[in-house]
Amino acid sequence: MRKLGILITGANGEMGHGLISRLAEEGSRDIIGLDVRPIDEPLKAKCAAALDGDILEHRLLERVQSEYEIHTVYHLAALLSTRAEFTPEAAHRVNVEGTMNLLKLATEQSRLHGAPVKFLYPSSIAVYGLPNSTVRKQIGKVKETDWTFPITMYGCNKLYCEHLGRYYASHYRQLAADRSSGGVDFRAIRFPGLISAVTMPSGGTSDFAPEMLHAAAQGKSYSCFVREDVRIPWMAMPDAIQAFLRLEQASKESLTQSVYNITSFNPTAGEIREIVVREFKNADIKFLPDDKRQAIVDSWPEDVDDSAARNDWGFSPAYDQTRAFADYFIPCIKRKYSSR
Ligand code: AKB
């Protein structure tokens, strides 16, 4: 018999840490963690199986297929926006071919056990591409259907994979004589910049806010690579995880779309610095913008319209800006570094 489990790719990443810790607390499902890097020991202990390997390796996926019965996939593995610009073809392989592999695995799983496989996919504000800062300031909250002209490989990959997910869910092999549904119940969230008090991101362009916080808490100087007036949407990691779990639990009938924006607060980089400096008296944070990374952030919206997520599946973040800093970032980050 195959073992029942929930599959999480990119298990060792920031979101993987948050999601696995949360699922382990709930304790109701066996977690199969998969990552190209060996999964951290404390996280491994929370998984029923921890697999080291690449989502591009067919043999590994065949092993997963034959050993496990999977009804839910959280496909978190990706090369983020900054890293992807240095190796765009590799990013395409991981972000697009990797996602295809997982969608195929989900389709096959569904065929084997006869029920739809829920496929939870983290998309991103990087799917948006705004032409200039005047438009950016004028348009305010961006809807899911607007301004989807990404300027990064990562953004292009995420946007295309949203379409792939919709295809697998609704139109898979539509001309085949034996056509049955793809068996994939694809659900995606376009996440804003995420900030965790527990882990540090790597390879992203929204990394400046978490980097600022974690550097200040460790007494390290930090040069912020974007201008202080740049404003993008943000969210505390626990809210991101909660949103994902809530979307997973939502009834299919309540969902009017397969991809949802969500957000919580949107201070400028300068405003984030002010809060950090207030909390960490010796913080040394300068602004030293890198024009190229700045241009990427400038193509992302200042805010997104998340009314569909609120209406369809009751999205409602627990942490607004004040609470996120006062009750989560600052106390948790202080605890993290004081215990070293
Ligand atoms: C990145 O900066 O690439 C990611 C994202 C906004 O999706 N954090």
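Start at the ligand. Select Leu 80, Ser 81, Ser 124, Tyr 154, Gly 204, Thr 205, Ser 206 and Trp 300, the residues around it; a residue is listed here if one of its heavy atoms lies within 4 Å of the molecule. Before you go on: this is a predicted model, where local features need pLDDT of at least 70 and side-chain atom pairs count only at pLDDT 80 or more, while totals for chains, interfaces and linings use all residues. Residues are numbered from 1 along each chain as its sequence is written, and side-chain values use heavy atoms, with hydrogens and water left out.

Now zoom in on the polar atoms. Ser 81 has a polar side-chain atom 2.5 Å from an oxygen atom of the ligand. In the side chain of Tyr 154, an N or O atom is 2.8 Å from an oxygen atom of the ligand. Turn to Ser 206, where a polar side-chain atom lies 2.9 Å from a nitrogen atom of the ligand.

**Next stop: Arg 190**

Ser 124, one of the residues around the ligand, is also among the contacts of Arg 190. Select Arg 190 in strand 7; strands (E, at least two residues) and helices (H or I, at least four) are DSSP runs, numbered from the N terminus. Is Arg 190 buried or exposed? Arg 190 is buried, with a relative accessible area of 4%. The scale runs like this: buried is under 20% relative accessible area, exposed is over 50%, and partly exposed is in between, using a 1.4 Å probe and protein chains only.

Show the side chain of Glu 162 too, and you'll find a polar contact of 2.7 Å joining it to the side chain of Arg 190. (A polar contact is a pair of N or O atoms within 3.5 Å; within protein, one must be able to donate a hydrogen and the other to accept it, and residues adjacent in sequence count only if both atoms are side-chain atoms.) Leaving aside neighbours within four places in sequence, Arg 190 also has contacts including Tyr 128, Glu 144, Leu 159 and Tyr 260, where contact means heavy atoms within 4.5 Å.

**Rings, one pair at a time**

How many aromatic pairs are there? The count comes to 15. Rings of Phe, Tyr and Trp (its six-membered ring) pair if their centres lie within 6.5 Å; planes under 30 degrees apart count as stacked, over 60 as edge-to-face and the rest as tilted.

Try Phe 191 and Phe 244: their ring centres are 5.1 Å apart and their planes stand at 80°, so this is an edge-to-face pair. Phe 191 belongs to strand 7 (residues 184-191) and Phe 244 to helix 9 (residues 237-249), so the pair links parts of the chain 53 residues apart. Both turn out to be buried, Phe 191 at 4% and Phe 244 at 0%.

Then pick Phe 265 and Phe 325, a tilted pair with 6.5 Å centre to centre and 55° between the planes. Phe 265 is in the loop between strand 11 (259-261) and helix 10 (269-279), and Phe 325 is in helix 13 (residues 321-338), 60 residues away. Phe 265 is buried at 6%, and Phe 325 is buried at 4%.

Add Tyr 319, Tyr 328 and Phe 329 to that selection: ring pairs link them with Phe 265 and Phe 325 into a cluster. Over the ring of Tyr 319 sits the charged end of Arg 323, 4.5 Å from the ring centre. The rule here is NZ of Lys or CZ of Arg within 6 Å of the ring centre and within 35 degrees of the ring normal. For another example, find Lys 334, whose charged end sits over the ring of Phe 280 at 5.4 Å from its centre.

**Last stop: helix 3**

Select residues 58-67, which make up helix 3, and colour its buried residues: Leu 60, Leu 61, Val 64 and Gln 65. Look down the helix axis and they fall within an arc of 145°, so they line one face; the arc is that of the directions from the axis to the C-beta atoms. Spin to the face turned away from the buried side to see the exposed residues Arg 59 and Glu 62.

What do the buried residues of helix 3 pack against? Among their partners are strand 1 (3-9), strand 4 (68-75) and helix 5 (88-113). In helix 5, select Asn 101, which is buried at 9%. Not counting residues up to four places away in sequence, Asn 101 touches Ile 55, Leu 56, His 58 and Leu 61.
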